[in-house]
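Colleague: I should like a close look at the empty spaces in this model. Please describe which residues and elements surround them, for a reader who is new to such structures.

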Amino acid sequence: MAITTAPGITRKPGRPAPPYPPGPRRASLGRRVRDNLTGHAFLIGAVTCFAFFSWYPMVRGVVMSFQRTRRGVTTWVGWDNYERILADPSFWAAWKNTLYFTFLALVLGYAVPFFVAVLLNELRHAKGYLRILVYLPVMLPPASALFLFKFYAYDPSDAGLFNSILTALHLPTSQWMQSAEMTMPAMVIASTWMNMGGAVLIYLAALQGIPGELYEAAELDGAGIWRRIRHVTIPQTRLILALLAMLQIVATMQFFVEPLILANGTGTQDSATSVAYLIYQHGFFQNDLNGAAALGVIMLVVLAGFSAAYVRLSAKQD
Amino acid sequence: MAQDTATRTLISSAQLRRGRGRIVYWTLLTVVVVGFTLVFVGPLYWMVTGALKSGQEIAQTPPSLFPRDPQPQNYVDAWRHLDLAKLLFNTFYYAAGALVFQLVLDTAAAYALSKLRPVLGNLILGLMLATLMIPAMVLVVPQYVTVIDLPILHVSLLDSPFAIWLPAVANAFNIFLLKRFFDSIPEELMAAALVDGASPLRTLWSIILPMSRPILGVVSIFAVTAVWKDFLWPKLVMPSPETRTISVGIYAFSGGTPMNVVIAASVIAAIPTVLIFLIFQRNIMSGLTTGSLKG
């Protein structure tokens, strides 16, 4: 009964009929598991890993955020951890920084890759080379890339890479990580350099899917390059643009290595602290794992809020 | 000239070949090639040569483009003082183990979900995919607590390579990539194997896996680079100096070590992933676009 497709007819992917006959329709779960023992044996390793390292920690994180462990005794403390976390002045600084970083990263890390991709898509030569170049920094271990920025690019003396360029262009130099105002932009620049390759490649793939006739028609209607970008390129890549915006927000809101390595964690006057760094600091320096768990839950709620808003917005557009 | 003159983009090829368009195109191409090389390779050049400069030369203005008196000693110092051989070996060992565990367990799971259709398979897949929605930072604390005292078994995985290998298996993205690929393999092949009396394991080994080489390559590269690039997790679960990964080791030493030596160590740490990339760039790029577009 399982294999009834006539030869030559390909089934739709995703819903193939079971090749191994399933048991009687209403057999018990145990019975059905026994009938397909191999299938379940193949799953067991991955499922165990998910159970131990993803599913269980998820539940445990929420539970932990309402508990407190003192001298080995764990008690239920309700919203205490949340109250303590909210009372910490660094909490608000960290959120302010995180939102600022996310905003800058959206402007830079989101718009720049798109225009780089549009530009690369127009070039008829050296495409492979340019693609490799853009993706190269993604392959560096973040610690390597960030030490490069920390010691060379953001060297506050005139010998630093960026400062020498600024001097050569007769522009004022900067203290970079040592100035509270430049901390965030400097971290975003480093982070964009490190991570933009992935987005560029995804946009390039999306751009290649745009039918050429659309551009042709727009051109015949007298649309210049900018109007062609606005009325053809952007609408045609809208879904990918929206998806990557979402991913970018979720990824940048968790920025952690940048403050840790570039700014020794907090930077001058908490100018670099991020929520993720605060989780790390509470959990592993202040020995406050419960507070860190509460922070994690807050972050999860905020990010889920973003996702929900995104889904609603994109549903409205369709 | 270009191999794909047929595909029309924002600006037509005809326009680019004509008079002013041609001049603009070639100027732009030169600017982009030079600019991108400076932006993306320039800093790497600075890093490799900077590590060869003396402390004095580093601090001088304007900075020198070539090290005047190259000091390979910095690289030697980095190798010796930071015990990079040990750190590189650790990282390699974790990456290789994560690769093996992911290839075996994730492939088996994806095969089961795609072809063997176990009970509750779709629910399990859904629960796996749901983990993609959970930001990594949110899970770090409860995951750490779990690893130091594993439920039921009550063992601590601290400083054990399993603390990196087993969580790496819980990778919904890889399972999804593999499952999608297996879904595209026709049922008829499975049916034919069944008629021939092949067991599911045999079918996986002799039919499915040989057909899946491209996707297995992509998953392998992702698995290895993920371990090589990871920072926070190995920092937490490998606290001893003997078990550190290279990134964590360099970070731990960065405080009291001369800048040039830290940079030299960073260069050495970057070589393996950059090499992997240059060798497998075709696979990496295709894997990236197929994975993300359809994910």
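Modeller: The answer below treats the second largest pocket, then the cavities, and then two features of chain A.

The model is a predicted one. Rolling a probe the size of a water molecule over the atoms shows where empty space is left. The second largest pocket holds about 750 Å³ of space. Its lining consists of 25 residues, and those nearest the centre are A:F162, A:I165, B:L38, B:V39 and B:P43. Five helices each supply at least two residues of this lining: α4, α6, α7 (161-168) and α8 (180-208) of chain A, together with α2 of chain B. Among the elements, α2(B) gives the most to the lining of this pocket, with ten residues. By class, 22 residues of the pocket lining are nonpolar and three are polar, while no charged residue is found there.

The enclosed spaces may be considered next. The model has three cavities of 30 Å³ or more. In the largest cavity there is about 80 Å³ of space. Chain A lines this largest cavity with A:F151, A:Y152, A:D155, A:A159 and A:G160, and chain B lines it with B:W46, B:G50, B:K53, B:I58, B:P63 and B:M259. Two or more of these lining residues come from α6 (142-153) of chain A, and two or more come from α2 (19-50) of chain B. The lining of the largest cavity comprises seven nonpolar, two polar and two charged residues.

Helix α4, already named at the pocket, also has a contact within chain A. Two packed helices are described by the angle between their axes and the distance between the axes. The axes of α4 (residues 89-122) and α10 (residues 225-236), both of chain A, come within 13 Å and cross at roughly 105°. The two helices α4(A) and α10(A) are therefore roughly perpendicular to each other. On the side of α4(A), the contact is made by A:F114, A:F115 and A:V118; on the side of α10(A), it is made by A:W226, A:I229, A:T233 and A:I234. Six residues of this contact between α4(A) and α10(A) are nonpolar, one is polar and none is charged.

Chain A also contains a strand pair. Strands β1 (residues 67-70) and β2 (residues 73-76) of chain A run antiparallel and are joined by four bridges. Across the pair, A:R68 stands opposite A:T75, and A:R70 stands opposite A:V73. The two strands form a hairpin with two residues between them, and in the turn A:R71 has a positive phi of about 45°.

Note on methods
Residues are numbered from 1 along each chain as its sequence is written. Chains are lettered from A and ligands numbered from 1 in the order in which they are written. This is a predicted model: local features need pLDDT of at least 70, side-chain atom pairs count only at pLDDT 80 or more; totals for chains, interfaces and linings use all residues. Side-chain values use heavy atoms; hydrogens and water are left out. On a 1 Å grid over the protein atoms alone, a cavity is a set of points where a 1.4 Å probe fits but cannot get out, and a pocket is an open set with protein on both sides within 12 Å along at least five of seven lines; lining residues have an atom within 4 Å of a point. Grid points are joined across faces, edges and corners, and a volume is the space filled by probe spheres set on the points. Ala, Val, Leu, Ile, Met, Phe, Trp, Tyr, Cys and Pro count as nonpolar, Asp, Glu, Lys and Arg as charged, and the others, Gly among them, as polar. Axes are lines fitted to C-alpha atoms, for helices over the stretch in contact, and angles run from 0 to 180 degrees between N-to-C directions. Angles under 35 degrees count as roughly parallel, over 145 as roughly antiparallel, 65 to 115 as roughly perpendicular and the rest as oblique. Contact means heavy atoms within 4.5 Å. Two strands pair if DSSP finds at least two bridges between them.
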